[in-house]
Amino acid sequence: LSPPLPLALALVTMFGIPWLSAGYLFDWLVVAILLSVGAGMHHTAPAQQYVSVKDREYSSPYMDEDVTALLLGLTMPTLVVLVLGFAQLHVKKWHEFHDGALAFGMAVGTTFFFTELLQTTVGKPTPDFLARCKAKDNEDPIVCLGDKDLVRDGYRSFPSEFASISFCTVAFVAMYLAAKTKLFRPSHPDDLAGGRLWKAVLVLFPFILAILISTTRVTGNRSDGWDVLAGAVLGVAGAYIGYRWYFPSLILKKGSDSTTEGASLLLHDTSGR
């Protein structure tokens, strides 16, 4: 074992947290590895698809970002922490907060890893690539005189990283909220009193944030529509993998009133609506 793991195990034993097992520590290690490898690929020179100075597809002007990577990196985890924390104010199952955080870590780690893998291997130019490149005369193949970092990032259009991370986050939040509100349970007498529409609105509302963030990538000439669509699909897939790795299906069996039927150790609240 590496030095941090025995120390963490000792702390768990010392403070008597029975539900926090060694398996969780290895899961957190997997999340850290996914994020670290993804970050390493992000700083690796990507493949470079052929570009001509005459390609109008890549001739859009370079613009400042409306949503920066720093803002995205702060906003998305904060949203998840707020949702997970608010859900525990009533039931106070703090192990579920941990499980939710770990599930999100797995979701975003998986999404980030595969996004960076595709960006690095595909090497698709951004719509504003020629403005970044500042090509030397009309040489072919193209010779870029622009900032090296901008040019390198200019080959990372597909899939859109901002779309994948934002859709991963809101899809995870949506699935968590759907489970907490029991949106997909079979018809139940209690539903007649309040209906399900408010639950559906609550679950779908976070997607507005992801759509707005993704839209800025198109209007800011960082990606085209297909790049954003691919990122959104990748993000939702990553969210599903992370969520289902630790939580049970959202679809409940007939006659069941629990979102945890068939689950192992990671439990949703079943003590009330």
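Is Cys-168 buried or exposed? Select Cys-168 and check the surface around it: with a relative accessible area of 0%, this cysteine is buried. Keep in mind as you go that this is a predicted model.

**The whole chain**

Zoom out and colour by secondary structure. You should see 11 helices and 0 strands, so don't go hunting for a sheet, because strands would be listed as their own runs and the count here is 0. Read along the sequence, the pattern is simply α-α-α-α-α-α-α-α-α-α-α. Of the 273 residues, 45% count as buried. If you turn on a contact map and keep pairs at least 6 apart in sequence, 78% of those contacts join residues at least 24 apart.

**Into the core**

Now select Phe-172 and Tyr-243. These two have the most contacts inside the largest nonpolar core, which has 39 residues. To see where that core comes from, show H2, H3, H4, H7 and helix H11 (225-246), the elements that each give two or more residues to it. H7 gives the most, with 12 residues. In soluble globular proteins, nonpolar side chains tend to be buried together.

Stay on Phe-172 and bring up what surrounds it. Beyond its neighbours within four places in sequence, Phe-172 is in contact with Val-80, Gly-100, Ala-103, Phe-104, Ala-239 and Tyr-243. Apart from the big core there is another one, made of 8 residues, including Phe-129, Leu-130, Val-151 and Tyr-155.

**The disulfide**

Next, select Cys-133 and Cys-144. They form a disulfide, with their sulfur atoms 2.0 Å apart, and the structure holds 1 disulfide in total. Look down the S-S bond: the torsion is about -105 degrees, so this disulfide is left-handed. Cys-133 sits in helix H5 (residues 129-133) and Cys-144 in the loop between H5 and H6, so the pair ties together parts that are 11 residues apart in sequence.

How buried or exposed is each end of the bridge? Cys-133 is buried, with a relative accessible area of 0%. Cys-144, at 27% relative accessibility, counts as partly exposed, because that class lies between the 20% and 50% cut-offs.

**A glycine in a loop**

Move to Gly-123, in the loop between H4 and H5. Loop or not, Gly-123 is buried, at 0% relative accessible area. Show its contacts: leaving out residues up to four places away in sequence, Gly-123 touches Ala-47, Gln-48, Gln-49, Leu-118 and Tyr-155. You may recognise Tyr-155 from the 8-residue core. Then draw a C-alpha to C-alpha distance from Gly-123 to Arg-152: they are 29 residues apart in sequence and 9.3 Å apart in space.

**The largest pocket**

Last stop: select His-42, Ala-69, Glu-161, Phe-162 and Arg-217. Of the 27 residues lining the largest pocket, these are the closest to its centre. The pocket has a volume of about 710 Å³.

For the walls, show helix H2 (22-42), helix H3 (69-91), helix H4 (94-122), helix H6 (148-153) and helix H7 (161-180), each of which gives two or more residues to the lining. Which element gives the most? That is H3, with 5 residues. Finish by colouring the lining by class, and you'll find 13 nonpolar, 7 polar and 7 charged residues.

Key
Residues numbered from 1 in each chain as written. Predicted model: local features only at pLDDT ≥ 70, side-chain atom pairs only at ≥ 80, totals over all residues. Heavy atoms only, no water. 1 Å grid on protein atoms, 1.4 Å probe; cavity = no way out; pocket = protein on both sides within 12 Å on 5 of 7 lines; lining within 4 Å. Points joined across faces, edges and corners; volume = space filled by probe spheres on them. Helix = DSSP H or I, 4+ residues; strand = E, 2+ residues; numbered from the N terminus. Nonpolar A, V, L, I, M, F, W, Y, C, P; charged D, E, K, R; others polar. Core = buried A, V, L, I, M, F, W, Y, C linked by side-chain atoms within 4.5 Å. Buried < 20%, exposed > 50% of the residue type's maximum accessible area, 1.4 Å probe, protein only. Contact = heavy atoms within 4.5 Å. Disulfide = S-S within 2.5 Å.
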